Amino acid sequence: MQTDLDAIRATGLELVAISSDDPAKLAQVAKTLGIGYPLLGDPTGEATIAFGVDAPRGRSDEPVIAQPMTFVIDASGIIRAKLFEPGFMGRHSTQSLIDAARPLAKPPVSPSP
């Protein structure tokens with residue numbers, strides 16, 4: 001997503017990633033890779049469970065594992081689209097994200113005559 005960040009932001013979207021990694025580790029990853037959007041740590045899995053993207057677990061004491069998914073959330077905080085590819089390695093395209101967000105985009109304001 002970092003390589004397409006300008007195209008994503010040009011549509012009016014803001015990108016935020018949530019990971020099960022520790023926040024300190026994510027800060028180092030962001031610095032090392034030059035990631036220009038927020039990486040939020042969810043090591044306890046609370047956000048993962050709240051968004052309903054936790055993978056089925058065999059036992060309740062197993063750690064929470066998130067399934068990769070992208071949500072398009074409007075300015076009011078309502079989830080308007082979910083993008084998901086089966087399996088943990090698959091990812092949707094940037095164009096799929098932009099297409100999902102396009103209906104939420106505000107039309108450009110014309111200057112007054």
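1. Secondary structure first: this predicted model has 4 helices and 4 strands. Going along the sequence, the order runs α-β-α-β-α-β-β-α, so you can walk the elements straight off that pattern, given that they are numbered from the N terminus.

2. On burial, 23% of the protein's 113 residues come out as buried. The exposed surface adds up to about 8000 Å², with 57% of it supplied by carbon and sulfur atoms. As for contacts with a separation of 6 or more, 29% of them link residues 24 or more positions apart.

3. Now the inside. The largest nonpolar core holds 12 residues, namely Leu5, Ile8, Leu13, Leu15, Ala30, Ile35, Tyr37, Val72, Ala81, Leu83, Leu97 and Ala101. At least two residues of this core come from each of α1 (5-10), β4 (79-84) and α4 (94-101). In soluble globular proteins, nonpolar side chains do tend to be buried together.

4. Leu15 is worth a click. Leaving aside residues up to four places away in sequence, Leu15 touches Met1, Leu5, Ile8, Tyr37 and Pro38. Among these partners, Leu5, Ile8 and Tyr37 are also listed in the largest nonpolar core.

5. Then there's the outside. Val16, Ile18, Leu40, Phe51, Ile73 and Ile79 make up a nonpolar surface patch, and together they have about 480 Å² of accessible area.

6. Which strand holds Leu40 of that patch? Leu40 sits in β2, residues 39-41. Its relative accessibility is 42%, so Leu40 counts as partly exposed, the class between under 20% (buried) and over 50% (exposed).

Note on methods
Residues numbered from 1 in each chain as written. Predicted model: local features only at pLDDT ≥ 70, side-chain atom pairs only at ≥ 80, totals over all residues. Heavy atoms only, no water. Buried < 20%, exposed > 50% of the residue type's maximum accessible area, 1.4 Å probe, protein only. Contact = heavy atoms within 4.5 Å. Areas by Shrake-Rupley, 256 points an atom, 1.4 Å probe, with all protein chains shown as cover. Core = buried A, V, L, I, M, F, W, Y, C linked by side-chain atoms within 4.5 Å. Patch = residues over 30% accessible without salt bridge, like charges linked within 9 Å, V, L, I, M, F, W, Y side chains within 5 Å. Salt bridge = Lys/Arg side-chain N within 4 Å of Asp/Glu carboxyl O.
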